[in-house]
Amino acid sequence: MIIDIITIFPNFFNQFLETSIIKRARENQKVEINIHDLREYSESKHNQVDDTPYGGGVGMVMMFPPFYRAIKSLKKENTKVIFLTPQGKVFNQNDAVLLSDFKHLILLCGHYEGLDARVLELVDMEISIGDYVLTGGEIPAMIVVDAVTRLLPGVIMEESHQTDSLSNDRLKYPQYTKPEEFEGYKVPDVLLSGHHKNIDEYRKLMSLKTTIDKRPDLIEKTPLTKEELKILNK
Ligand code: ADE
């Protein structure tokens with residue numbers, strides 16, 4: 001997958017691209033992430049990318065032509081153009097799974113009070129990362145890139161996808177590692193038993209209990225199946 005990010009703050013992404021799983025995925029050519037400075041697509045003297053709003057009002061509006069040129073020069077046949085905005089659809093794990101099937105994404109990071117609405121005519125999808133307003137679309141873009149990249153084939157062990165929190169609208173079971181006991185805090189006996197069937201049942205039960213306790217809205221959205229009811233009533 002190729003992801004092109006258009007931003008007025010390219011430096012924002014330096015650490016992100018050079019750290020952990022994203023770094024490794026890039027090195028192993030599972031994903032190519034290119035950062036483009038929007039100012040390079042400005043044709044004005046001072047690389048201007050914003051101006052005052054028509055009709056008056058406070059603040060600045062990001063101009064249409066730099067975005068137009070950037071998108072035009074980067075877009076291919078099967079590109080999905082995404083604008084990060086609090087007005088977009090609130091991003092979830094299912095969206096990440098859907099986006100991970102695309103070969104090419106262009107992410108547009110907005111700023112200031114807003115953006116010339118003509119840009120939206122070139123956009124396939126508007127994404128919000130939650131109902132709050134950030135200073136710009138860079139952190140939202142990183143969130144989308146992170147969530148999508150870890151789903152690409154060969155980036156992390158694929159078994160992890162099935163047990164991800166929120167896959168199938170269920171939260172993940174609790175995990176433990178060494179030591180078995182610390183200051184009286186113990187690991188549940190069943191996990192030390194080596195009995196795989198019991199461990200599997202315990203994890204399914206804990207996944208359900210955790211979801212019911214922490215995210216009852218997910219149970220409402222995807223009701224308990226017969227099998228899940230059986231596990232709970234055992
Ligand atoms: N830009 C500013 N706030 C945002 C949000 N919540 N989601 C996506 N982009 C944004």
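**Exercise 1. Find the loop that holds asparagine 47, then decide whether this residue is buried or exposed, or in between.**

Step 1. Look between strands β2 (32-37) and β3 (50-51): asparagine 47 lies in the loop there. Helices (H or I, at least four residues) and strands (E, at least two) are DSSP runs, numbered from the N terminus.

A word on the model before we go on. Residues are numbered from 1 along each chain as its sequence is written. The model is predicted, and local features need pLDDT of at least 70, side-chain atom pairs count only at pLDDT 80 or more, while totals for chains, interfaces and linings use all residues.

Step 2. Check the backbone: asparagine 47 is not a glycine, yet its phi is positive, about 55°.

Step 3. Apply the burial rule: a residue is buried if 20 or more other C-beta atoms lie within 10 Å of its own, exposed if 12 or fewer, and partly exposed in between, with C-beta atoms placed from the backbone. Asparagine 47 has 14 other C-beta atoms within 10 Å, so it is partly exposed.

**Exercise 2. Repeat the reasoning for aspartate 169 and aspartate 101.**

Step 1. Aspartate 169 is in the loop between α6 and β9. Its phi is positive too, about 60°, although the residue is not a glycine.

Step 2. Because 18 other C-beta atoms lie within 10 Å of it, aspartate 169 is partly exposed.

Step 3. Now go to the loop between α4 (93-99) and β6 (104-109), where aspartate 101 sits. Aspartate 101 has 11 C-beta neighbours inside 10 Å, so it counts as exposed.

**Exercise 3. Which residue does a cis peptide bond join to lysine 178?**

Step 1. The partner is proline 179, and omega is about 5°.

Step 2. Place it: proline 179 belongs to the loop between α6 (159-163) and β9 (181-182).

**Exercise 4. Describe the shell around the ligand.**

Step 1. List the residues around the ligand: Leu84, Thr85, Pro86, Ser128, Ile129, Gly130, Tyr132, Val133, Leu134, Gly137 and Pro140. A residue is near a molecule if its C-beta atom, placed from the backbone, lies within 6 Å of it.

Step 2. Ask which element gives the largest share: strand β5 (residues 79-90), with three residues.

Step 3. Sort by character: seven are nonpolar, four polar and no residue is charged. Here Ala, Val, Leu, Ile, Met, Phe, Trp, Tyr, Cys and Pro count as nonpolar, Asp, Glu, Lys and Arg as charged, and the others, Gly among them, as polar.

**Exercise 5. Take glycine 110 and valine 133 from the UniProt "binding site" feature and work out whether each is buried or exposed.**

Step 1. This feature comes from an unreviewed UniProt entry, and glycine 110 and valine 133 are among its residues. UniProt positions are given in the numbering used here, feature names are shortened, and annotations may be inferred rather than shown by experiment.

Step 2. Glycine 110 is in the loop between β6 and β7 (114-115). With 24 other C-beta atoms within 10 Å, glycine 110 is buried.

Step 3. Valine 133 is in the loop between β8 (125-128) and α5 (138-149). With 8 other C-beta atoms within 10 Å, valine 133 is exposed.

**Exercise 6. How many helices and strands does the chain have, and where are its domains?**

Step 1. Count the elements: 10 helices and 10 strands.

Step 2. Find the domains, whose bounds come from an automatic or database domain assignment: domain 1 covers 2-149 and domain 2 covers 165-233. Their centres, taken over C-alpha atoms, are separated by 37 Å.
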